[in-house]
Amino acid sequence: MAKIDMAKTDNAKLDTTKVKEVLAQGVKVVAEVKAVSAGAKVGLAVVGVLQVVFAFLAFWDLARRDADEVVGPKPVWIPVILVNWIGPAVYYLFGIRHQR
């Protein structure tokens, strides 16, 4: 019976060690985020907003466009557009039938 209690105690020590390691990594990440300058944070925010707007406009265009104006089935383009930056660009370049 004493051996079982010791095993539980060893597992508890191991678990607390893992928790401490994970918390230490989290502290490092927070410190790195705080180290980013205010200008860089604003720049990242602007880029993020632009990406969301680009995807929104692609979804809006897909919803309003007739099915015969879209290359392939319209539902196929939904996951494509969800790919950051590349998806909306691919939709605009290759997903719309352009009249020439």
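## Q51 in helix α2

Let's start with Q51, which lies in helix α2 of this predicted model. Is Q51 buried or exposed? With a relative accessible area of 11%, Q51 is buried, because that value falls under the 20% cut-off. Setting aside neighbours within four places in sequence, Q51 makes contact with N84 and W85.

Q51 has company in this helix: A55, A58, D61 and L62 of α2 are buried too. Part of the cover over the buried residues of α2 comes from α3 and α4. A general point is handy here: an α-helix has 3.6 residues a turn, so residues three or four places apart point the same way.

## The overall fold

Stepping back, the protein has four helices and zero strands, and its elements run α-α-α-α from the N terminus on. One of them, α2, has 27 residues. How far does α2 reach from its first C-alpha to its last? The span is 39 Å, close to the 39 Å expected at 1.5 Å a residue.

Of the 100 residues in the protein, 13% are buried. The accessible surface comes to about 8000 Å², and carbon and sulfur atoms account for 70% of it. Among contacts with a separation of 6 or more, 52% are between residues 24 or more positions apart.

## The nonpolar core

Which residues make up the largest nonpolar core? There are eight in all: A55, A58, L62, V70, W77, I81, Y91 and I96. Both α2 (38–64) and α3 (74–81) supply at least two residues of this core, and α2 gives the largest share, with three residues. As a general tendency, nonpolar side chains in soluble globular proteins are buried together.

L62 is a good residue to click on if you want to see this core from the α2 side. Beyond its neighbours within four places in sequence, L62 is in contact with V70, K74, W77, I78, I81 and Y91. Of these partners, V70, W77, I81 and Y91 belong to the core as well.

## Aromatic residues

The structure holds four aromatic pairs. One of them joins F54 and Y92 in a stacked arrangement, with 5.9 Å centre to centre and 20 degrees between the planes. This pair links distant parts of the chain, since F54 sits in helix α2 and Y92 in helix α4, 38 residues apart.

Why does F54 count as partly exposed? Its relative accessible area is 25%, so F54 falls between the 20% limit for buried and the 50% limit for exposed. Y92 is partly exposed as well, with a relative accessible area of 27%. Both belong to one aromatic cluster, which is made up of F54, W77, W85, Y91 and Y92. In that cluster, W77 and Y91 are also part of the largest nonpolar core, while W85 is a contact of Q51.

## P88 in helix α4

Our last stop is P88, found in helix α4, which spans residues 86–94. P88 is buried, with a relative accessible area of 0%. What does P88 touch, not counting residues up to four places away in sequence? The partners are F54, A55, A58, I81 and V83.

Three of those names have come up already: A55, A58 and I81 are members of the largest nonpolar core, and F54 is the stacking partner of Y92. P88 and L57 are 31 residues apart along the chain, yet their C-alpha atoms are separated by 8.3 Å.

Note on methods: Residues are numbered from 1 along each chain as its sequence is written. This is a predicted model: local features need pLDDT of at least 70, side-chain atom pairs count only at pLDDT 80 or more; totals for chains, interfaces and linings use all residues. Side-chain values use heavy atoms; hydrogens and water are left out. A nonpolar core is a set of buried Ala, Val, Leu, Ile, Met, Phe, Trp, Tyr and Cys residues joined through side-chain atoms within 4.5 Å. Buried means under 20% relative accessible area, exposed over 50%, partly exposed in between (1.4 Å probe, protein chains only). Contact means heavy atoms within 4.5 Å. Accessible areas come from the Shrake-Rupley method with a 1.4 Å probe; for residues, only the protein chains shown count as cover. The expected span of a helix is 1.5 Å times one less than its number of residues. Rings of Phe, Tyr and Trp (its six-membered ring) pair if their centres lie within 6.5 Å; planes under 30 degrees apart count as stacked, over 60 as edge-to-face and the rest as tilted.
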